[in-house]
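Colleague: I am new to reading protein models. Could you pick a single part, look at it closely with me, and then show me a few other places in the chain?

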Amino acid sequence: MCAVPECCRLPTEDKSACLASYHTAEGQPRVVNGSYRKVGRVWDPFTGEKYVDLLGHTAPVQGIATFNDDALHARVITSSRDHTLKVYDPSTGDVLRTLAGHEQWVKCVATYTLRDGTVRAVSGSHDGTLRVWDPNKEGEAMKVLVGRGDTIMFVVPFELNGKVYVAGAAIRSVMIWDPDPEVQDGGIPVAVGITESERVIKGPNFSMVGATSEKNGVVRIFGGEKKHRIFVF
């Protein structure tokens, strides 16, 4: 049995907008946060020691996620109000690449791994779209997912029947897309759920959004105090 350490308050001097975690090659846990001061920071979650700053954005960092590259090195990807995403080496703070294409603030980003080990990133923006990226390569988005015009506040990849889908939460709706670039569907959602309240997605109750799938083809999108059920198949 392992001992659970007491919670450590990270001594951030600015307001954090997002948070993610990963393990180093040596198995050590790290926490990485994005802030309204345009910076990401890497921390030891147990001691509060700051290891490195992730610099380069020219506007607040609003989304952050982690993944392992093809060589199994830990990587951090951030999204920002400067309309871009950046991929970092968190051990050095170096910017490895910048991903551009969104026309407005990039509100959120998430990563997922396909069954063949391929990593993908998906970002949501105030321009009302999501974009699917190969975070290990420079270049344009692999696919543009089209919403209803509302800001995409949160994005969550999930698996259903062996296939990856992406759920995106906007201010008045929850949508599901097929992010596979090989699927020529025009980036149109495969399912849309309209919320009853204009503010049900926006606000403190939706600081986190998740998705689960069931064998009967029901996908549950949840967050805060509200629950939404979308029938996909």
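**A pair of strands and beyond**

Modeller: Happily! Strand β6 (residues 74–80) and strand β7 (residues 84–89) run antiparallel and are joined by four bridges. A strand here is a DSSP run of E with at least two residues, numbered from the N terminus, and two strands count as paired if DSSP finds at least two bridges between them. To see one such bridge, find V76, whose partner in β7 is Y88.

Before we go on, please keep in mind that this is a predicted model, where local features need pLDDT of at least 70 and side-chain atom pairs count only at pLDDT 80 or more, while totals for chains, interfaces and linings use all residues. Residues are numbered from 1 along each chain as its sequence is written, and side-chain values use heavy atoms, with hydrogens and water left out.

Now step back from the pair. β6 and β7 sit within an open sheet of four strands, ordered β5-β6-β7-β8 and paired in the antiparallel sense. At its edges are β5 (61–68) and β8 (94–100), each of which pairs on one side only. From one strand to the next, the twist averages 20 degrees; the angles come from axes that are lines fitted to C-alpha atoms, and they run from 0 to 180 degrees between N-to-C directions.

Follow the chain past β8 and you reach H102, in the loop between β8 and β9 (106–113). Is H102 buried or exposed? H102 has a relative accessible area of 6%, so it is buried: that word means under 20% relative accessible area, while exposed means over 50% and partly exposed lies in between (1.4 Å probe, protein chains only). The C-alpha atom of H102 is 7.9 Å from that of R131, although these two residues are 29 residues apart along the chain.

Another sheet makes a good exercise. It is open and antiparallel too, with four strands in the order β1-β2-β3-β4. β1 (16–23) and β4 (50–54) stand at its edges with a single partner strand each, so one side of each has no neighbour in the sheet. Ignoring direction, neighbouring strands in this sheet are turned by 20 degrees against each other on average.

Let us walk through this sheet from β2. Strand β2 (residues 29–35) runs antiparallel to β3, with four bridges between them. One place to look is N33, whose bridge partner in β3 is R41. β2 and β3 form a hairpin with four residues between them, and K38 in the turn has a positive phi of about 75 degrees.

Strand β3 (residues 40–43) is in turn joined to β4 by four bridges, again antiparallel. Here V42 stands opposite V52 in β4. The side chains of β3 are worth a look: G40 and V42 point one way, R41 and W43 point the other way, and all are buried. The hairpin of β3 and β4 has six residues between the strands, and G48 in the turn has a positive phi of about 80 degrees. G48 counts as buried because its relative accessible area is 10%. Between the C-alpha atoms of G48 and V31 the separation is 9.5 Å, and the two are 17 residues apart along the chain.

Further along the chain, strand β13 (residues 152–160) is joined to β14 by eight bridges, in the antiparallel sense. L160 has K163 as its bridge partner in β14. Two residues lie between β13 and β14 in their hairpin, and N161 in the turn has a positive phi of about 55 degrees. In strand β14 (residues 163–170), seven of the eight residues are buried, so the strand is largely enclosed by the rest of the structure. β14 also pairs with strand β15 (residues 173–177) in the antiparallel sense over four bridges, and a hairpin of two residues joins them. Within this pair, A167 stands opposite I176.

Finally, what about the cysteines? A search of the whole structure finds zero disulfides, where a disulfide is a pair of cysteine sulfur atoms within 2.5 Å. C18 counts as buried because its relative accessibility is 13%, and C108 counts as buried at 7%.
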